[in-house]
Structure formats: C-alpha cells, structure tokens
Amino acid sequence: MTASLVASRATRVFASGAGVFDLDLELVHGQILALVGLNGAGKSTLMRVLLGMLRTDRGEVRLDGHLLSDAPTRAWARVGHLVEYPLAYPELSARRNLELNARLRGVVDIEASVGRIVTELSLEQYASRRVRALSLGNKQRVGLAAALQHDPSIIVLDEPTNSLDPAGVIRLRESLLRRAGDGAVVLVSSHHLDEVARIADRIVVMNAGRLIGELDPATPEIERAFFESVRVDGEKAAE
Amino acid sequence: MKAAIWAEAVKLAGSTVGRVGSIAIVIGISVLSGSMLLAVHSDDPQLLAKLGPVASGDWTGFLLGAAQITGAGGLGGFAVVLAWMFGREFGDGTITGLFALPVQRSTIALAKLVVYGTWTVAMSVLLGLALMLVGTIAGLGGVSEDNWATLARQVALGVMSAAITLPVALAATLSRSVLGGVSVAIGLVVVAQVSVIAGLGGWMPLAAPALWAVSNGTEVSPIQLLLVLPFGGASALATSLAWQRIQLDS
C-alpha cells in the first residue's frame, strides 16, 4: 500500500496570531519535498500539525486516508520523524536508545534494525556511549537513526542536517535518496538551499505561515530566487 | 503496552534519578530510623521527648518512628522520581519523539505508572527488609507477632505513599516540567500535615496511610484507608487522558 500524508486547508493559529494558514500539501510517494523558509515562517509548526503534535483549528490532515485522530497504529508504524529534538535519552547508550525506539515502533527484528542503521549512519564507534556524552552532531545522528531505522514509508525531518558534519550530511543525503527511490514519502525542512536542491524533487517556500510557491531545484542561484519570492510575498501582504 | 513498559523500565533503571531515589528511600529512611535508635541512649530528656515512640528503644518504637519518616520522606522521595519520569520528557525535548508512534501516548503514560508502581512496591519491600536489618544490628532482639504486623503496615505504607503521589504525574504533565511536579509534591506533604493537625487525617487520602501506620492501624478505618484507591486511580486516569490530549503548542 502506498503511504500518504495530506493536509487540506490546515490552519492552526496561536494566541499570538502566528501560526499556519490554509495549508494544502500532499506528500507524494517516491518524492523528496523540501520545505524552505525564513526563521518563524511556520515550517516546524507545519510539521507538528502533520504529525499530530498540534491539532488543526480548521482543515484537516489525513494519514493513509485517515484523519490523524483516527489513524490506526499500523499507519503510524510507517512514519518516521525527527522534529526539533532527537528521541534520544541522555542516560542511555545510543544502541539502547535505538532498541527502545525500535520496540516502540513495533520493529520485529530489533537487533538487525539497530545494526543496519548504526552502519548506515556510521554510528559504530559511538553506539555503546551514553547519548549525554556525544557531540551535538552525533546526538543528531542518533535521532536520525531513530527516525529511519524502521524503514518508514513517510519520513518527516525538521532541519535534519543541523549539527551534522559534512560526512554526516552526505550519509543522510544518500539515505534519503535511497529511501525515496524505494517509494518513501520524504519531507525535510532546511535553511540550506544548496543542500536541499541536491536531493529535493520539489522545493516549497513558506512565509508567514503560508505556502507561497515552489522553486525548481535546478534553478541557478536558488538563494536569490528564494529571497525574491519571500520579498514579493511580503510586499503583497503589506498592500 | 509491553514495549512501552520495557522502554520506561529501561529509562528508570538507567537514570541517576532512579538510582539516587532508590538509595534515598531504602538506605536514607532506614539509616535515619537507625540513628534515632542511637539517640535513645541520650540522657537529654528534651531529645527523648522529641523521639516520640522511638524513645521506647524496642521494635515497636523503632518501626513506628520509621513509619513517621516514611509518611513524609518516602512520599517526597517517590514524588520526586515520579515528577522526573513525566516532566523529563518535556525538559529533555523527547516528548516530540513520543508523537506519531504506533503506541498511543495514553499507553505510554500508563506504562510509566506501571513501572513506577512496580518500583515503589520493590522499594517498599526493600525498605522493610532494610529496617529489619537495622533493628537486628541495633540489638532489638526477636520480632514479636505484633512487630511483624507493624512491619507489614510499614511496607503497605510505602506502597500507599506512592499511590497518593500520583497527582504529581498530572502536575508534571500539565506544567510540562519536573519542577511543576515537585512543587505539587511539596504541596501534597503540606496538605497531609495540615489535615492531620486539623483532625481530618482519616478522611484525607493524603494523610490516612501515615496516620494508619503510626497509630498501629487504630486511628484509620478500612473504609478511610480504601479512599487511597479512587484518589490514586483518578489521578492516574487524569494523567493518561492528559497525555492523550496533549499538544505541543508551547
């Protein structure tokens, strides 16, 4: 079965008036969709709405055709995510964290799952260390490993390259490309336009809580194109 | 549920808070109770008066003294661990990883409570054994049938003290912090003490277990004691619902 995650006119407004507004977004299997925007544009809020961390005030989000509130456990078992903080308990070793995560996600062969992802993200030498003793970059790798170890069909990663060293960025890029090639739905947010342009099939621009357009990943000087779209949107909003 | 219980047990077993809490409850209370036995040999009448039942220097006095300490100190120790179990998910940011899982958050909350309950039973039994050891080392002699009953009440007091801390889980959840839970724990201890002074102890689930234990079961009726169950159960249910409904909007 093809996994899907679809937001329809999804709106969530905070008391401050900020939020996300009337978002229509369909994540397509086999595609990597990158979400780009300035700080405060609403990328993390959108991801929280898509994952059920925030309920919508209006509109809806459906996972495999089910409203998030009614989505069955088998649908959630196919989701992998890393939003803001890695699911990594500081008092436990990286390996123990991955075992814990695998159990919570209903993985059958836990040892194989942990072994595979440790190798895939080059965590071998850190696997037995407590997470609290790891560098920020390696903590991020553990969080990414937790998000990916169960071979999810829907992958949602909020600024996944944060704190990663170049080797980690390359590993992640290869991993996401392979997973999308295998049919997974991938949504990533990032500030690194050059980086996302290398892997994304679509780049969606967010500004002030709205999706304001798309950029072609092959666009030369993509940063300039991004800032131009944000500037034009800002001017429209000011009128 | 099994996966969530396993996860929570691993987290508690691997944590400094869990280890320090275990030591504080088992060793701390038994050593403190033992040190009160040492004070029995003092010639200071004021000090002896402060010792209360412990001044008798026998098993009964020793165990009643331990019950007094458990009533306040044990409750506090259990509550801190419980506040950490729930509040740390917010403080460490790991709560985001507990969304979008095939395990419901209400199940995770219940798993935390199951692990907490199991741990508190283990600590209560270990504390009873440690008190036996301390009393024996202190030369209190053989244990009478009455003393066994007092010791059984001591173990039950430990378990009930843990049950009455359950609002702390809800407080840590709603405040999204360990500190919020600990603050409520302090409040629970104060309310328990005030209700005893006001003569309401028997009908107040927060105070009834300690009052029952230190009065050798005479001042609290079984019905009054049973109120601990709906009190703890309602708190557990509210916590589970809060976890089910929670949103990451702050």
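How many bridges pair strand β1 of chain A with β2(A), and in which sense? Six bridges, in the antiparallel sense. I will start from that pair and work outward. One caution before I do: this is a predicted model.

Strand β1(A) covers residues 5–13. At its beginning, A:Leu5 stands opposite A:Leu27 in β2(A). The two strands belong to an open sheet of four strands in chain A, with the order β2-β1-β4-β5 and antiparallel pairing. The edges of that sheet are β2(A), residues 19–27, and β5(A), residues 66–67, and each of these pairs on one side only. Helix α1 of chain A, residues 43–50, lies across β1, β2 and β4 of that chain. The helix runs at about 120° to β1(A).

Next, strand β8 of chain A, residues 185–190. Is this strand mostly covered or mostly open? Mostly covered, since six of its six residues are buried, where buried means 20 or more other C-beta atoms within 10 Å. Both faces are covered. On one side sit A:Val185, A:Leu187 and A:Ser189, and on the other A:Val186, A:Val188 and A:Ser190.

As for partners, β3(A), residues 32–37, runs parallel to β8(A) and is joined to it by five bridges. Within that pairing, A:Ala34 has A:Val188 as its bridge partner. Strand β7(A), residues 154–158, is also parallel to β8(A), again with five bridges. There, A:Asp158 is the bridge partner of A:Ser189.

Following on from β7(A), A:Glu159 lies in the loop between β7 and α6 of chain A. This residue has a positive phi of about 45° although it is not a glycine. For context, most residues other than glycine have a negative phi. A:Glu159 has 19 other C-beta atoms within 10 Å, so it counts as partly exposed.

Chain B has a similar case to mention. B:Arg176, in the loop between α7 and α8 of chain B, has a positive phi of about 55° and is not a glycine either. With 18 other C-beta atoms within 10 Å, B:Arg176 is partly exposed.

Now helix α3 of chain A, residues 94–104. Nine of its eleven residues are buried. Among them are A:Arg96, A:Glu99, A:Asn97 and A:Asn101, as well as A:Leu98, A:Leu100 and A:Leu104. What do these buried residues pack against? They pack against α4 and α5 of chain A, together with α1 of chain B. Just after α3(A), A:Gly106 takes a positive phi of about 75°.

That brings us to the interface. In total, 22 residues of chain B are in contact with 27 residues of chain A. On the chain B side, the largest share comes from helix α1(B), residues 2–13, which supplies six residues. By class, the chain B side has eleven nonpolar, eight polar and three charged residues.

A separate point of contact involves B:Asp249, in the segment after α11 of chain B. Leaving aside residues up to four places away in sequence, B:Asp249 touches A:Phe14 and A:Leu54. B:Asp249 counts as partly exposed because 13 C-beta neighbours lie inside 10 Å.

Back to α1(B), and its packing inside its own chain. The axes of α1(B) and α5(B), residues 105–137, come within 8 Å and cross at roughly 55°. That angle makes α1(B) oblique to α5(B). The crossing is right-handed. From α1(B) the contact uses B:Ala4, B:Ile5, B:Glu8, B:Ala9 and B:Leu12, and the α5(B) residues include B:Ile108, B:Lys112, B:Val115 and B:Trp119. By class this contact has nine nonpolar, one polar and two charged residues.

The last pair is α6(B), residues 145–164, with α11(B), residues 228–245. Their axes are 8 Å apart, at an angle of about 40°, and the two helices are therefore oblique to each other. B:Met160, B:Ala163 and B:Ile164 of α6(B) meet B:Val228, B:Phe231 and B:Gly232 of α11(B). Those residues divide into five nonpolar, one polar and no charged.

That is what I have on the two chains.

How values were computed: Residues numbered from 1 in each chain as written. Chains lettered and ligands numbered in written order. Predicted model: local features only at pLDDT ≥ 70, side-chain atom pairs only at ≥ 80, totals over all residues. Contact = placed C-beta atoms within 7 Å. Nonpolar A, V, L, I, M, F, W, Y, C, P; charged D, E, K, R; others polar. Axes fitted to C-alpha atoms, helices over the stretch in contact; angles between N-to-C directions. Parallel < 35°, antiparallel > 145°, perpendicular 65-115°, else oblique. Left-handed = near helix turned anticlockwise from the far one by under 90°. Buried ≥ 20, exposed ≤ 12 C-beta atoms within 10 Å, placed from the backbone. Pairing = 2+ DSSP bridges.
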